[in-house]
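The following exercises invite the reader to examine a protein step by step. Each task is followed by a worked solution.

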Amino acid sequence: MGVFCVGNKLMLDDGLGTAVYEELVERYEAPGNVELFDVGCLSMDMLPYVRDFDVLVTVDAVDGTDAEPGTVFRFEPDAMARHSGATASLHDLKLVDLFDAATLLGYEAEGLCLGMQVENPSPAVVTVGLTPKVAAALPLLVETVAGELARLGSPLVPRAGAAG
């Protein structure tokens, strides 16, 4: 199982996926069948992982949902990215595009998207960090990722002395 944390940490809330990755690595050890990745912006370079994993979970910032910043969402890849607007990922390549390409190559994997409504995904200048509402809700998204992995039969193991 692969967990792809997607985002650009130089663009405020667009760095959400990277922030989740950092928290997961700091707070948990992944079981042998789970790999955590900070993939930056999703690209077709991820195709081999669709071949190698049965399940792929992506964690990404979302915008256009009309929900409050910090609201966590769970989507199937089709629901998240076959259209723009509400539930659209902020990145040009969507998970569903990756899965479509993989299907053409004969690869199959189950996909799941976890996202959070963000407040400012595209600041006027390079800005590292998250807006206050998104930062405050970060633990909820981290726990949602951990909960989904447990539901899928691959629970993360809390690190001794890790905050949280």
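The exercises below go from the overall fold to single residues.

The model is predicted: local features need pLDDT of at least 70 and side-chain atom pairs count only at pLDDT 80 or more, while totals for chains, interfaces and linings use all residues. Residues are numbered from 1 along each chain as its sequence is written, and side-chain values use heavy atoms, with hydrogens and water left out.

**Exercise 1. The overall fold**

Determine how many helices and strands the protein has, and in what order the elements run.

Step 1. Helices (H or I, at least four residues) and strands (E, at least two) are taken as DSSP runs, numbered from the N terminus. The protein has five helices and eight strands.

Step 2. Read from the N terminus, the order is β-α-β-β-α-β-β-α-β-α-β-α-β.

Step 3. Of the 164 residues in the protein, 47% are buried. Here buried means under 20% relative accessible area, exposed over 50% and partly exposed in between, with a 1.4 Å probe and protein chains only.

Step 4. A contact means heavy atoms within 4.5 Å. Among contacts with a separation of 6 or more, 78% are between residues 24 or more positions apart.

**Exercise 2. Strand S4 and its partners**

Establish which strands are joined to S4 by bridges, and how many bridges there are in each case.

Step 1. Two strands pair if DSSP finds at least two bridges between them. S1 (residues 2–6) is joined to S4 by four bridges, and these strands run parallel. Within this pairing, Cys5 stands opposite Val59.

Step 2. S4 is also joined to S7 (residues 110–117), by eight bridges and again in parallel. Ala61 has Met116 in S7 as its bridge partner.

Step 3. S4 covers residues 55–63, and eight of its nine residues are buried.

Step 4. Val55 lies in this strand and counts as buried because its relative accessibility is 11%. The C-alpha atoms of Val55 and Glu110 are separated by 4.6 Å, although the two residues are 55 apart along the chain. Leaving aside neighbours within four places in sequence, Val55 is in contact with Met1, Gly2, Glu110 and Leu152.

**Exercise 3. Cysteines**

State how many disulfides the structure contains, and whether Cys5 and Cys113 are buried or exposed.

Step 1. A disulfide is a pair of cysteine sulfur atoms within 2.5 Å. By this rule the count is zero.

Step 2. Cys5 is buried because its relative accessibility is 0%. Cys113 is likewise buried, with a relative accessible area of 0%.

**Exercise 4. Aromatic pairs**

Find how many aromatic pairs the structure holds, and which residues ring pairs link into a cluster.

Step 1. Rings of Phe, Tyr and Trp (its six-membered ring) pair if their centres lie within 6.5 Å; planes under 30 degrees apart count as stacked, over 60 as edge-to-face and the rest as tilted. A search of the whole structure finds three such pairs.

Step 2. One of them is the edge-to-face pair of Phe4 and Phe37, at 5.5 Å centre to centre and 80° between the planes. This pair links distant parts of the chain: Phe4 is in S1 and Phe37 is in S3 (residues 35–40), 33 residues apart.

Step 3. Phe4 is buried at 0% relative accessible area, and Phe37 is buried at 15%.

Step 4. The ring centres of Phe37 and Phe53 are 6.2 Å apart and the planes are at 70°, so this pair is edge-to-face. Phe53 lies in the loop between helix H2 (47–52) and S4, 16 residues from Phe37.

Step 5. Ring pairs therefore link Phe4, Phe37 and Phe53 into a cluster.

**Exercise 5. Helix H5**

Compare the span of H5 with its expected span, and locate its bend.

Step 1. The expected span of a helix is 1.5 Å times one less than its number of residues. For the 20 residues of H5 (residues 132–151) this gives 28 Å, and the end C-alpha atoms are 29 Å apart, which agrees.

Step 2. A bend is the angle between axes fitted to the seven residues ending at a residue and the seven starting there. H5 bends by about 40° at Leu138, and Pro139 follows within four residues.

Step 3. The buried residues of H5, including Leu138 and Leu141, pack against S1, helix H1 (16–27), strand S2 (28–29), S4, strand S5 (72–75) and S7.
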